[in-house]
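Trainee: Please take me through this model feature by feature, giving the general idea before the particular case.

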Amino acid sequence: MSRRPPRGEYIETDTGNKVARKATLVGTQNIMLGGKTVIQPEVMIRGDLVRSIQSSSSSSSSGTPNNTAVAIGRYCFLSRASCLRPPGRFYKGAFTYMPLRMGDHVFVGPSSVIQAASIGSHVHIGARVVVGEFAIIKDYVRVLDETVIPPNMVIPSFSIVAGQPARVIGEVPEGGHEAFELRDLYKTVGNNPQPPAS
Amino acid sequence: MAPLNPYTYIQCPCSDSASLGRPSDATSPTSADGDEEDNAFDPRAPRANFSLYPLEYLLYCEDCHQIRCPRCITEEIATYFCPSCLFEVPSSNLKSEGNRCTRSCFQCPICIGPLSVTSIEAPPSDPSLLVPDRAGTPHTTYSLICSYCSWSSTEIGIQFDKPNSIHAQLAKIRNGGASRLTAKERKERRKELSHRGGEAALAASSEAAAGQDMDLETQFANLKLFYNSQLADPNAGDNGFSSLGDLGFSSPSSLSRIMNLYTGGKLHDPRAKSKLGAMREAITADEGLLETDLDESSLITQLHQSDFLDTASSTQICSQPPNLGETYIYGAARFNSSLRPVPYLLRTKRSKRCPVCRHIISKPEAKVQTTRFRIRLVAGSYIPSITIRRLNLPGPNGPAAPAILGDLLEPLKPVHFVLTFKNPIFESLKVTLGAPAKTPGRFPSKVTVLCPQFDIDANTDVWDEALKENDRESSGRSRRRAGTESQFQVEVGKIWERGRNWVSIIVEVVPASLKLEPGRDVLKQDEDVLEIPMFVRIEWEAEGGGDDAASGTGRDKDQKEKKELAYWCVLGLGRIKQG
């Protein structure tokens, strides 16, 4: 018993996820993590807001309903006090939530609230950002701090958006694609973090 | 004051006309550097703003061996697409439909948020798009609603019968719900009238046109038709001033010339040239005459009664598609209540060419949904990146307070910065740095590069490093002197730290004091930012390229060829404390 390592701040899973003990994950059975994802303290993921009406195609094809509420890819980074909340709407006369999907290498800044329908890969969302319900963010998008993305907005690839409401203010340059990689950032947190590469 | 993150900007050589296209091989003599030293680059010069770019924005031409910036490359549009529905728009549609999305993608005229189609009968949060059985009933109407500011198209009296093809429906509706003729319908109506024939029908139509407020498009169509008929029949209005009239506005030849300018036809129509004689102007509404309504009293009373916030801002007016649904040319939207939904402007994917050799240096995949690039020659994979870190040395009286990046710099107190150069190429680099001893500008700070010449090892495979990790740990990283604070000192001519493909060196800076003569001068914007210009010259040995045989002196292909690249960059280190 003496050889048991001390309890760290993070729970590190077999697939490399680092989940802070102080994070609030509701409905964990409905949350899919792709691996190597960092969830910092005070993050909230609302996995309990699961789809209440099954779409006709999936219920007919497979007997077991697909209950994923939040699906997150690899190397995502959810900063402190951010919140992921599946979007909801009326569908065939009844209110239902829809799954929130997130690609790889997605950075979510501190105190941001995400209610998007889908977020692509290599997306950087700044601090205190609000992403409205059913917004779609494609790949290689940079959302600057304190942006408010209205519901149902579609943001095409290689956009830089800012403002309330969000508008496209620029394009991600060709040389800026590598800056979205979060592999190095992943290594800097956890129970035995490495110093950032200089 | 906003904290300043250290930055590195690189100067594109395109602003220097002498160096444009100059091959920078090893054969070029060092005299080029000699004259560059004489006129050190001034980052505060007004022109400098246009040539300084962060490394990510720069591309690199492999044939010219030169940096290319967004300002000097030439762009070619590969694909047009709507940023909202992400559908590709073929360029043939572009000519006929304009550069806006013709599906159902609209922006709110008030807040530019996206508009969504919502049925009016159903509860507001229920998009009837998904209720096919109810959509069939004739009484269901639809409106565009902004989910950000709750603007609705019913506010300007626009409702739709169908939830799809909103763009086509909107083109037929004027604000307030009145119908608006499309160009095709207008033509058909005219044809109908002419078929009926007779003066009576014409008179009736002109009366009707005058009565129903001729809009901008109808007026233009009428005028165009009228002038075309005048051109075809030059003798209709011949009043004897044919020789004079040829110079004036009312002659068919000058008119046809003007028309040709706008329609892009041939400049000189030989048929028109032979025809001389003046034309008359439009005199009826049917011919496009529209009396200007100079009575603006109703508009003025409306302005009196309305709030400032009710009037449209210039950005809101600018985002409106031109001449869409305006009744008069003078009736441009002044109030928020007359703004129409804005169809999304199309976006493009563009490929980029080198301005000198015309080679493509960046080419995205044509499909809208893919983010891959066929060609992407970015400067970041050819020239070393420079990162800046503030070094806090423990002073003589105990350890220094931890310096945070973005802290203000104390004037006249030496500070040390660690510059880390990272080599992206697979050859070892020889770097030579040059910086003026004093920064240009009114407040010269002293700059000393402690190690102006060093080599950086090649960017080898990541796995090699992983295998050699243990060796590196003993040899490379051992230079990190952070642990032993007693030996913690900056040495001249020594590399501070070295890694697999990176080298850190120290730059010592004595910031200038920002003392101003009282009452005479004020600090200009960002004059307290400490920026140091630095000349970077990199040399490396590349495989002898077959194409570059012209520059080589008949050496073997296997033999390594010496390459050289030199450029100015600007290091923004921080703000100097005032007072």
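Mentor: Let us begin with vocabulary: helices (H or I, at least four residues) and strands (E, at least two) are DSSP runs, numbered from the N terminus. In chain B there are 14 helices and 22 strands, and B:Arg334 lies in the loop between helix H12 (314-319) and strand E10 (342-343) of that chain. This is a predicted model, in which local features need pLDDT of at least 70 and side-chain atom pairs count only at pLDDT 80 or more, while totals for chains, interfaces and linings use all residues. Residues are numbered from 1 along each chain as its sequence is written, and chains are lettered from A and ligands numbered from 1 in the order in which they are written.

Trainee: Is B:Arg334 buried or exposed?

Mentor: A residue is buried if 20 or more other C-beta atoms, placed from the backbone, lie within 10 Å of its own, exposed if 12 or fewer, and partly exposed in between. B:Arg334 counts as partly exposed because it has 16 C-beta neighbours inside 10 Å. For chain B as a whole, buried residues make up 27% of the 579 residues.

Trainee: Which residues is B:Arg334 in contact with, leaving aside its neighbours within four places in sequence?

Mentor: Two residues are in contact if their C-beta atoms, placed from the backbone, lie within 7 Å. On that rule, B:Arg334 is in contact with B:Thr311 and B:Ala312, once neighbours within four places are set aside. B:Thr141, by comparison, is 193 residues away from B:Arg334 in sequence and 28 Å away in space, C-alpha to C-alpha. Among contacts in chain B between residues at least 6 apart in sequence, 69% join residues at least 24 apart.

Trainee: What is the mean pLDDT of chain B?

Mentor: pLDDT is the predictor's confidence in each residue, from 0 to 100. Chain B has a mean of 74, with 66% of its residues reaching 70 or more. Over residues 236-246 of chain B the pLDDT is below 50, and this stretch has 18 contacts in the model beyond near neighbours in sequence. Residues 472-487 of chain B also stay under 50, with 11 contacts beyond four places in sequence. Chain A averages 88, and 89% of its residues score at least 70, although its residues 58-62 stay under 50 and have 3 contacts beyond four places in sequence. The model scores ipTM 0.87 and pTM 0.78.

Trainee: How many residues of chain B are in contact with chain A?

Mentor: There are 28 residues of chain B in contact with 22 residues of chain A. The chain B side of this interface divides into 13 nonpolar, 10 polar and 5 charged residues, where Ala, Val, Leu, Ile, Met, Phe, Trp, Tyr, Cys and Pro count as nonpolar, Asp, Glu, Lys and Arg as charged, and the others, Gly among them, as polar.

Trainee: In what order do the strands of the open sheet in chain A run?

Mentor: Strands of a sheet pair through backbone hydrogen bonds, either parallel or antiparallel; here, two strands pair if DSSP finds at least two bridges between them. In chain A, 6 strands form an open sheet in the order E3-E6-E9-E14-E17-E20, with parallel pairing. Strand E3 (24-26) and strand E20 (148-149) of chain A each have a single partner strand, so one side of each is left without a neighbour in the sheet. Strand E17 (residues 130-131) of chain A pairs with E20(A) over 2 bridges in the parallel sense, and A:Val130 stands opposite A:Val148.

Trainee: Which strands are at the edges of the open sheet E2-E1-E22-E21-E16-E18 in chain B?

Mentor: That sheet of 6 strands is antiparallel, and its edge strands are strand E2 (52-54) and strand E18 (453-456) of chain B, each of which pairs on one side only. Within the sheet, 6 bridges join strand E16 (residues 429-434) to strand E21 (residues 529-543) of chain B, and B:Thr432 has B:Arg537 as its bridge partner. Elsewhere, E11(B) and E12(B) form a hairpin with 6 residues between them, and B:Arg358 in the turn has a positive phi of about 65°.

Trainee: Which residues touch the most other members of the largest nonpolar core?

Mentor: A nonpolar core is a set of buried Ala, Val, Leu, Ile, Met, Phe, Trp, Tyr and Cys residues joined through C-beta atoms within 7 Å. Of the 60 residues in the largest one, B:Leu58, B:Tyr60, B:Ala379 and B:Cys569 touch the most other members. Apart from this core lies another, of 52 residues, including A:Ala20 and A:Ile39. Residues touched by B:Cys569 beyond four places in sequence include B:Ile10, B:Ile386 and B:Val536.
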